[in-house]
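Thank you for making time for this at the group meeting. Please have a look at the sequence and the model before I start, and then we will go through it together.

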Amino acid sequence: MCSKSGNFTANSYYAQNLKNLLGDLYLKTPLTGFSTSSIGQNYDQTNGLSLCRGDVSSDNCKSCVLDASEELGKRCPYDKEAIIWYDNCLLKYSDKDFLGKIDNTYKFYMWNLRVVSKPEYFNAKTKELLGNLAENAYKKKNLYATGEMEIEENKKLNGLVQCTRDISNEDCKKCLDGIITELPSCCDGKEGGRVDSGDSFMELWGANIRQKDLLFEFAYNQFSSQTASLRFSASSIGQKPDRSHGLSLCRGDVSSDDCKSCILDASQELGKRCPYDKEAIIWYDSCLLKYSDDCFRGEIDNRYKFYMWNVAVVSKPEYFNSKMRELLGSLIDEAYWVQDLYATGEMKIGENEKLYGLVQCTKDISNEECKKCLEVIVTELPHCCDGQKGGRDVGGSCNFRYEMYPFFNTP
């Protein structure tokens with residue numbers, strides 16, 4: 001997320017200080033999983049912090065902080081204040097001295113669309129688990145805790161909470177208690193959910209306790225190599241009732257090496273989050289991976305979906321929304337005719353402003369089904385991204401994204 005509270009110019013003192021700050025965080029954070037830094041003086045001083053998830057290795061932490069700093073450089077090239085979250089890390093910086101204070105300015109929610117059968121009971125257990133984890137985390141040096149709770153005979157609830165280490169133990173508890181109270185607003189009765197703020201986050205997910213199917217592991221190994229060359233792969237392995245179906249898709253502009261790396265990361269993460277589930281899906285910026293014991297391929301998947309948006313609002317929402325629909329509509333007409341079912345483009349919307357868009361479908365569905373899938377999710381724009389400066393609607397068979405900065409690679 002980019003703050004519009006202030007801008008800097010290229011080659012300024014602030015620009016150089018920010019570059020040095022990001023380099024400092026990149027070097028220091030992997031050592032302990034957390035780091036803060038302040039560089040410069042007065043109006044040119046920049047302050048920052050980076051935090052890696054408590055279970056992430058030093059190498060993955062280092063890689064995540066580097067990716068985060070590069071991505072902020074693309075999304076917020078001249079903003080004096082910005083923040084970005086990944087699964088493995090958080091990075092933020094500002095010209096204001098925010099260190100040591102609870103940050104309620106920035107926040108986002110993510111949730112699993114699937115709803116539990118007994119929401120009241122599930123919600124009570126969720127609050128109980130997260131409350132216990134918050135109580136555990138704030139007393140620890142790394143302000144991090146994970147745990148699980150059996151909620152039915154064959155089901156467990158898994159949770160994670162963490163705070164940035166610039167705030168006190170008491171403020172960590174206060175911050176976690178605050179975001180846990182927001183559960184009804186984002187994740188009421190949902191099988192999984194996540195609340196991230198500038199100083200703390202919590203995550204929960206359900207998992208069935210079953211014997212792990214080794215066929216999934218074999219499928220993962222296939223996907224990483226096959227998808228890297230074609231940016232898409234589908235596979236079915238085994239015989240009923242142990243048959244597993246899966247597919248993986250990389251964004252159309254991603255290199256083969258980055259595609260392979262993303263699929264491997266996705267398969268490993270699903271192994272942690274859904275260790276015994278026969279059906280699961282995960283999205284990253286660069287790829288999608290899903291598998292199931294049901295044969296889903298060739299059909300539009302409307303079961304799994306999530307939205308993300310930039311909290312900044314444009315000054316002329318009606319005009320902006322019409323231009324956004326015009327751009328995405330033209331990209332749909334382009335994408336569903338081509339072999340990759342993928343298209344990107346840009347549109348001038350002001351004297352010095354452009355709108356950038358991307359649409360893509362999984363290649364297991366037909367050209368006509370791709371068009372249908374994309375047209376449906378574009379109609380959902382008012383529900384997720386009305387007048388927002390950026391947004392994404394990501395489903396199991398198609399997705400779109402738009403921003404007011406270039407976020408995709410051009411040939």
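Which residues are buried in α3? Before I answer, please keep in mind that this is a predicted model. In α3, the buried residues are F122, N123, T126, L129, L130, L133, A134 and A137. Seen around the helix axis, these residues cover an arc of only 135°, which puts them on the same side of α3. The helix itself runs over residues 119-137, and its 19 residues reach 26 Å from the first C-alpha to the last, close to the 27 Å expected at 1.5 Å a residue.

Let me set helix α2 beside that. Helix α2 has 18 residues, 58-75, which at 1.5 Å a residue should span 26 Å, and its end C-alpha atoms are indeed 26 Å apart, so the expectation and the model agree. The buried residues here are C61, C64, V65, A68, S69, E71 and L72. They cover an arc of only 165° around the axis, and therefore they lie on the same side of α2. What do the buried residues of α2 pack against? Their partners are the helix α1 (13-32) together with the strands β2 (46-52), β3 (82-85), β4 (89-94) and β18 (398-403).

I would like to turn next to the nonpolar cores. In soluble globular proteins, nonpolar side chains tend to be buried together. In this model the largest nonpolar core has 28 residues, and those with the most contacts inside it are L328, V359, L374, L381, F400 and Y402. The elements that each give two or more residues to this core are α8 (317-335), β15 (342-348), β16 (354-361), α9 (367-378), α10 (381-384) and β18. Of these, α8 provides the largest share, seven residues. If you would like to follow one member in detail, take Y402, which touches, among others, F320, M324, L355, Y356, L381 and F407, when residues up to four places away in sequence are not counted.

There is also a second, separate core of 24 residues, which includes F122, L133, I151 and I167. Two of these names, F122 and L133, you have already heard among the buried residues of α3. I151 belongs to strand β6, residues 144-152, and because its relative accessibility is 10%, it counts as buried. Leaving out residues up to four places away in sequence, I151 touches Y121, F122, K125, K156 and L157. For a sense of scale, I151 and F407 are 256 residues apart in sequence and 42 Å apart in space, C-alpha to C-alpha.

Now to the aromatic rings. A pair of aromatic rings is described by the distance of the centres and the angle of the planes. The count for this model comes to seven aromatic pairs. One of them is F8 with Y78, an edge-to-face pair with 5.9 Å from centre to centre and 70° between the planes. F8 lies in the segment before α1 and Y78 in the loop between α2 and β3, so the pair ties together parts that are 70 residues apart in sequence. Is each of the two buried or exposed? F8 is buried, with a relative accessible area of 9%, whereas Y78, at 43% relative accessibility, counts as partly exposed. Ring pairs link F8, Y14 and Y78 into a cluster, and K80 lies over the face of Y14, at 5.2 Å from the ring centre. A similar arrangement is found for K371, which lies over the face of Y336 at 5.5 Å from the ring centre.

Finally, a word on the backbone. Most residues other than glycine have a negative phi, and most peptide bonds are trans. Where, then, does L143 lie, given that its phi is positive, about 50°, although it is not a glycine? L143 lies in the loop between α3 and β6, and with a relative accessible area of 3% it is buried. L341 likewise has a positive phi, near 50°. This residue lies in the loop between α8 and β15, and at 4% relative accessibility L341 counts as buried.

Note on methods:
Residues numbered from 1 in each chain as written. Predicted model: local features only at pLDDT ≥ 70, side-chain atom pairs only at ≥ 80, totals over all residues. Heavy atoms only, no water. Helix = DSSP H or I, 4+ residues; strand = E, 2+ residues; numbered from the N terminus. Expected span 1.5 Å × (residues − 1). Buried < 20%, exposed > 50% of the residue type's maximum accessible area, 1.4 Å probe, protein only. Arc of directions from axis to C-beta. Contact = heavy atoms within 4.5 Å. Phe/Tyr/Trp six-rings, centres within 6.5 Å; stacked < 30°, edge-to-face > 60°. Lys NZ or Arg CZ within 6 Å of the ring centre and 35° of its normal. Core = buried A, V, L, I, M, F, W, Y, C linked by side-chain atoms within 4.5 Å.
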